[in-house]
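Me: I should like to learn how to read the features of a protein model, beginning with its strands and ending with its loops. Could we take them in turn?

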Amino acid sequence: MKIATYNIQNIFYRDRALIKKYRTENHELWVEEFEALMVKGMRTSKEYNRMRALSQLLGFEDSQNSPYLTMMHKMGQLFLKKNVEAKAYKATHLTDWNGWVKLNSNPINDIAIENKAKVIKEAFPDVLILLEVEDRVSLLEFNKYFLSNAYTHILYLETNDVYGRGIGVLTKEGYKVKSMKSHVNDFDKNGNPIFDMDLQEYKISTPNGTLVTVLSTCFLDDSENPKQVNSKIEIQSKRIAEVYKALNNKNDLIAVMGTFNAPSYSKLLSPIVEETDLKDVSKHNTFEVDLDKGKDSKYFRLGAYKMGVNIKQRDYLMLSKTLYKIVKSCGLIRKGIWYKKQPQWEMLKSIKNETHIASEHPLVWSQLKIG
């Protein structure tokens with residue numbers, strides 16, 4: 001049985017607020033790079049193409065970020081209404097409705113969508129958990145048009161997320177979700193939902209009848225309110241530990257996975273990392289991943305996955321003691337991530353700039369000796 005978790009950061013369209021946040025985080029680096037190219041006397045065609053990409057990312061050419069879009073049903077993609085003055089065609093209480101509306105979501109680049117599929121196909125797990133999925137229809141069409149209907153069972157549950165992002169479960173022939181449980185209605189002492197998105201439980205049967213329990217979650221990252229976020233992560237971690245301990249009373253086969261948005265040494269994750277018997281697959285001796293290039297291959301960054309893999313660990317695949325013993329192999333795929341300066345690693349050849357990235361997250365997988 002091969003299992004994987006991947007924060008896909010939406011499939012066909014993403015909320016404008018999330019795109020704006022990504023641009024804000026990278027603005028300084030893009031300005032620095034653009035200015036360096038501007039002062040060059042002679043530029044290559046590749047450098048001119050890079051300047052065009054940077055001008056879009058910095059908002060100089062912001063056609064892709066126009067608020068006036070139309071939705072084509074096929075694969076849920078959004079297309080711009082071109083060569084029209086938005087003011088003249090904006091629907092208000094004073095004008096007749098003509099079928100156009102201001103939407104809060106932007107279409108994801110076509111190349112980026114294909115790259116999401118390429119990352120998944122690199123591992124092609126039997127059980128795939130996808131985080132930050134916009135809706136079930138997108139999941140179905142992504143499987144049909146980009147994954148060649150490789151997954152026969154597809155489930156999707158909404159969460160507490162204000163941007164409408166949910167969690168999807170895809171399983172291949174022979175692997176079935178026997179039951180699902182959501183924790184969206186777990187509340188803290190003040191009556192607020194504990195989970196930013198959700199903690200979802202799945203009982204999945206393998207072809208030989210073995211049952212594996214999967215816990216999947218996603219903690220949100222909001223750098224604007226670090227104290228509030230840190231407190232929330234710790235509360236969520238404690239609840240996950242409680243749920244796991246209640247399930248793990250018979251040395252069950254349990255996997256806990258998702259985006260935790262904190263390094264493993266953080267006290268925020270200590271209820272999961274230190275107070276349970278869960279083990280991170282990135283610490284397994286079979287853990288496979290392409291190393292950084294150049295001097296970074298000999299460097300170990302605090303909070304990274306391992307030596308020579310110097311990206312901050314935010315995504316986890318953790319296994320119960322019983323399940324960890326039957327790991328055959330495991331690894332991480334980060335070919336769909338764009339590196340900024342250093343470290344550098346092998347990317348998909350189809351990624352020419354940041355708009356082509358599959359996700360800001362890697363895919364983490366493990367092959368288990370069951371099923």
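Me: How many bridges join strand β12 to β13, and do the two strands run parallel or antiparallel?

Reply: Please bear in mind that this is a predicted model. Strand β12, residues 211–218, is joined to β13 by six bridges, and the two run parallel. One position to inspect is L215, which stands opposite V256 in β13.

Me: To which sheet do these strands belong, and in what order do its strands lie?

Reply: The order is β10-β11-β12-β13-β18-β14, an open sheet of six strands with mixed pairing. At its edges are β10 (176–182) and β14 (279–280), each of which pairs on one side only.

Me: How does β11 pair with β10 and with β12?

Reply: Both pairings are antiparallel: β10 and β11 share six bridges, while β11 and β12 are joined by seven. For the pairing with β10, look at S179, whose bridge partner in β11 is K203. For the pairing with β12, Q200 stands opposite S216. The hairpin of β11 and β12 has five residues between the strands, and there G209 takes a positive phi near 95 degrees.

Me: Is strand β11 largely enclosed or open?

Reply: Strand β11 covers residues 199–205, and six of its seven residues are buried, so the rest of the structure largely encloses it. For the chain of 371 residues, 51% count as buried.

Me: How should I read an aromatic pair, and which term describes F260 and Y316?

Reply: A pair of aromatic rings is described by the distance of the centres and the angle of the planes. The model has eight aromatic pairs. In the pair of F260 and Y316, the centres are 4.8 Å apart and the planes lie at 15 degrees; because stacking requires an angle under 30 degrees, this pair is stacked. The two residues are 56 apart in sequence: F260 is in the loop between β13 (254–259) and α7 (270–273), whereas Y316 is in strand β18, residues 315–319. Both F260 and Y316 are buried.

Me: Which other ring features deserve attention?

Reply: F12, F142 and F146 are linked into a cluster by ring pairs. A charge also meets a ring: the charged end of K2 sits over the ring of W365, at 4.5 Å from its centre.

Me: Which residues touch the most other members of the largest nonpolar core?

Reply: In soluble globular proteins, nonpolar side chains tend to be buried together. The largest nonpolar core here has 69 residues, and I120, F142 and L363 touch the most other members. Beyond its neighbours within four places in sequence, F142 is in contact with I8, I11, F12, I113, K116, A117, I120 and L147. Another core, of 20 residues, lies apart from the largest one and includes I254, L269, Y316 and M318.

Me: How many disulfides are there?

Reply: A disulfide is a covalent bond between the sulfur atoms of two cysteines. The count in this model is zero. Two cysteines may be examined for burial: C218 is buried, with a relative accessible area of 1%, and C330 is buried at 0%.

Me: Where does N143 lie, and what does it touch?

Reply: N143 is in helix α5 and is buried, with a relative accessible area of 2%. Setting aside residues up to four places away in sequence, N143 touches S148, N149, A150, Y151, I154 and L170. The C-alpha atoms of N143 and A117 are 8.9 Å apart, although 26 residues separate the two in sequence.

Me: Which residues other than glycine have a positive phi, and where do they lie?

Reply: Two examples are F124 and S148. Phi of F124 is near 40 degrees, and this residue lies in the loop between α4 (110–123) and β7 (127–133). S148 has a phi of about 55 degrees and lies in the loop between α5 (136–145) and β8 (153–157). Their accessibility can be read alongside: F124 is partly exposed at 25% relative accessible area, whereas S148 is exposed at 61%.

Me: How many helices and strands are in the chain?

Reply: The chain has eight helices and 20 strands. Among its contacts between residues at least 6 apart in sequence, 70% join residues at least 24 apart.

Technical notes: Residues are numbered from 1 along each chain as its sequence is written. This is a predicted model: local features need pLDDT of at least 70, side-chain atom pairs count only at pLDDT 80 or more; totals for chains, interfaces and linings use all residues. Side-chain values use heavy atoms; hydrogens and water are left out. Rings of Phe, Tyr and Trp (its six-membered ring) pair if their centres lie within 6.5 Å; planes under 30 degrees apart count as stacked, over 60 as edge-to-face and the rest as tilted. Helices (H or I, at least four residues) and strands (E, at least two) are DSSP runs, numbered from the N terminus. Buried means under 20% relative accessible area, exposed over 50%, partly exposed in between (1.4 Å probe, protein chains only). A charge sits over a ring if NZ of Lys or CZ of Arg is within 6 Å of the ring centre and within 35 degrees of the ring normal. A disulfide is a pair of cysteine sulfur atoms within 2.5 Å. Two strands pair if DSSP finds at least two bridges between them. A nonpolar core is a set of buried Ala, Val, Leu, Ile, Met, Phe, Trp, Tyr and Cys residues joined through side-chain atoms within 4.5 Å. Contact means heavy atoms within 4.5 Å.
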